[in-house]
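Biologist: Could you take me through the aromatic rings here, please? I would like a close look at how they pair up.

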Amino acid sequence: METSSHLLEVNDLAVSFFTYAGEVQAVRGISWYLNKNETIALVGESGCGKSVTIQTVMGLLQSPGRVTGGSVRFEERDMLGLSAKELRQLQGNHMTMIFQDPLSYLNPTMRVGEQIAESYRLHHKVSRSEAEARVLDMMHLISFPEPERNMYAYPHQLSGGMRQRIMVAMALICNPQVLFADEPTTALDVTIQAQIIELMNSLKEKLNTAIVLITHDLGVVANMAQRIYVMYAGKIVERGSAKDIFYRPKHPYTWGLLASVPRLDADQSRDFRYIPGTPPDLLNPPKGCPFAARCRYACRACVSSIPEEMAFDSEDHRASCWLYHPGAEALLAAAERERGMQR
Ligand code: SF4
C-alpha cells in the first residue's frame with residue numbers, strides 16, 4: 001500500500017467491545033485508504049463492523065468499545081493519538097458525517113436554517129447575519145426549494161428528502177475534506193434516493209470533498225463509489241474498483257450481495273434473493289473463513305484456516321477466499337458454473 005498521497009489511511013485496525021459476556025471483536029484487522037476527492041464505499045450487512053470503523057476513524061467510539069490494534073492517519077496525523085480538543089477541531093471542520101435518519105439527528109425545536117448556521121458558527125467566528133448569509137448560499141448550492149422561506153421551517157414541516165438535504169448542508173457548510181455518509185439513503189424512497197445520490201456527487205465535485213459511503217446496498221454504491229471494500233464479520237473480504245466488484249467479483253459473499261440487489265427486469269414476488277443464514281458471533285469468531293457457515297462452496301480448509309488475501313487482475317483487486325488457492329481449481333470451476341446459471 002502506498003503511503004504518501006492518501007488523505008486518510010486505516011492500517012490493520014482492530015476494535016473490540018468489552019462486555020460482561022466477553023470481548024466482542026467488532027473490527028478485526030482491516031486496512032483501507034481514501035484519496036483526495038474520491039468516493040469509496042464500505043459495504044456489508046449490519047453488524048459487519050463498517051459503522052464501528054467510521055466511528056473509530058472520527059474519534060466517536062464510545063465505551064465499552066476500544067481500539068485494540070492498528071492505526072488511523074489523516075493527512076499524516078495519527079488520529080488515535082489526538083486529544084479530545086484536537087478531535088473536536090477536526091470533526092465538522094475537516095471530517096463530517098451524515099446519518100440514515102435525519103429526524104433523530106435534527107433538533108425538532110429549532111428552525112433548520114438556525115441548525116445549519118450553528119454547525120458553521122461552531123467552527124467559524126462570524127456574526128449571526130454572516131452565518132445566515134452563508135446558510136442561504138449553501139441552501140442555494142444544494143438546490144433547496146424556496147430557501148429564503150424554508151430556512152425558517154422546522155424539521156417536521158419538511159419531507160424526508162428535504163430533511164436529508166438539510167443534513168447534507170449541515171455536514172458540508174464548513175467545506176470538510178472528508179464526508180462520511182452512513183446509510184444516507186436507506187430511509188428514503190427510490191426517487192428521492194436518486195436525488196440525494198446526485199446531490200452528493202455534484203457537491204463532491206463543487207467542494208472537492210472526498211466521501212466514504214457506508215451501506216448494505218450495492219445498488220446505491222454503483223452510482224457513487226470509485227472503489228469498494230466489502231466487509232464481513234469485522235474483516236474486509238474483497239476490495240477493488242467498482243468495475244472489479246460489479247463485473248469481476250471474486251468472493252462468494254460479494255456474489256450473494258450482488259444477487260440480492262433488486263433488478264428492474266426481475267419478478268420481485270419470485271426472484272427476491274438473499275443470503276441464507278446469519279453472520280457469526282464475534283464473541284467467539286470462527287477459526288477459519290468467517291463466511292464458511294453460509295457459503296455453499298465451503299470445504300474443509302475453509303473451516304479450519306483463514307484464507308489468505310489473493311490479488312487478481314489489478315493489484316487493488318483482492319479477495320480472501322480459498323477458492324482461488326491453486327489446489328482448488330475444480331471447486332472454482334463448479335462455483336463459476338453455478339453462478340453462470342444464477343445470472
Ligand atoms: Fe466460501 Fe471457503 Fe471462500 Fe470462505 S474461503 S468464502 S467458505 S469458499
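Modeller: Happily, here is a walk through the aromatic pairs and the charges over rings. This is a predicted model, where local features need pLDDT of at least 70, side-chain atom pairs count only at pLDDT 80 or more, and totals for chains, interfaces and linings use all residues. Residues are numbered from 1 along each chain as its sequence is written, and side-chain values use heavy atoms, leaving out hydrogens and water.

The structure holds six aromatic pairs. Rings of Phe, Tyr and Trp (its six-membered ring) pair if their centres lie within 6.5 Å; planes under 30 degrees apart count as stacked, over 60 as edge-to-face and the rest as tilted. One of the pairs joins tryptophan 32 and tyrosine 229, which are tilted, with 6.5 Å between centres and 55 degrees between planes. Tryptophan 32 belongs to strand E2 (residues 22-34) and tyrosine 229 to strand E9 (residues 227-232), so their pair ties together parts 197 residues apart in sequence. Strands (E, at least two residues) and helices (H or I, at least four) are DSSP runs, numbered from the N terminus. Tyrosine 229 is buried at 2% relative accessible area, where buried means under 20%, exposed over 50% and partly exposed in between (1.4 Å probe, protein chains only).

Now to another pair: the rings of tyrosine 232 and phenylalanine 291 have centres 5.1 Å apart and planes at 85 degrees, so they are edge-to-face. Both tyrosine 232 and phenylalanine 291 are buried. Together with Tyr253, Tyr232 and Phe291 form one aromatic cluster.
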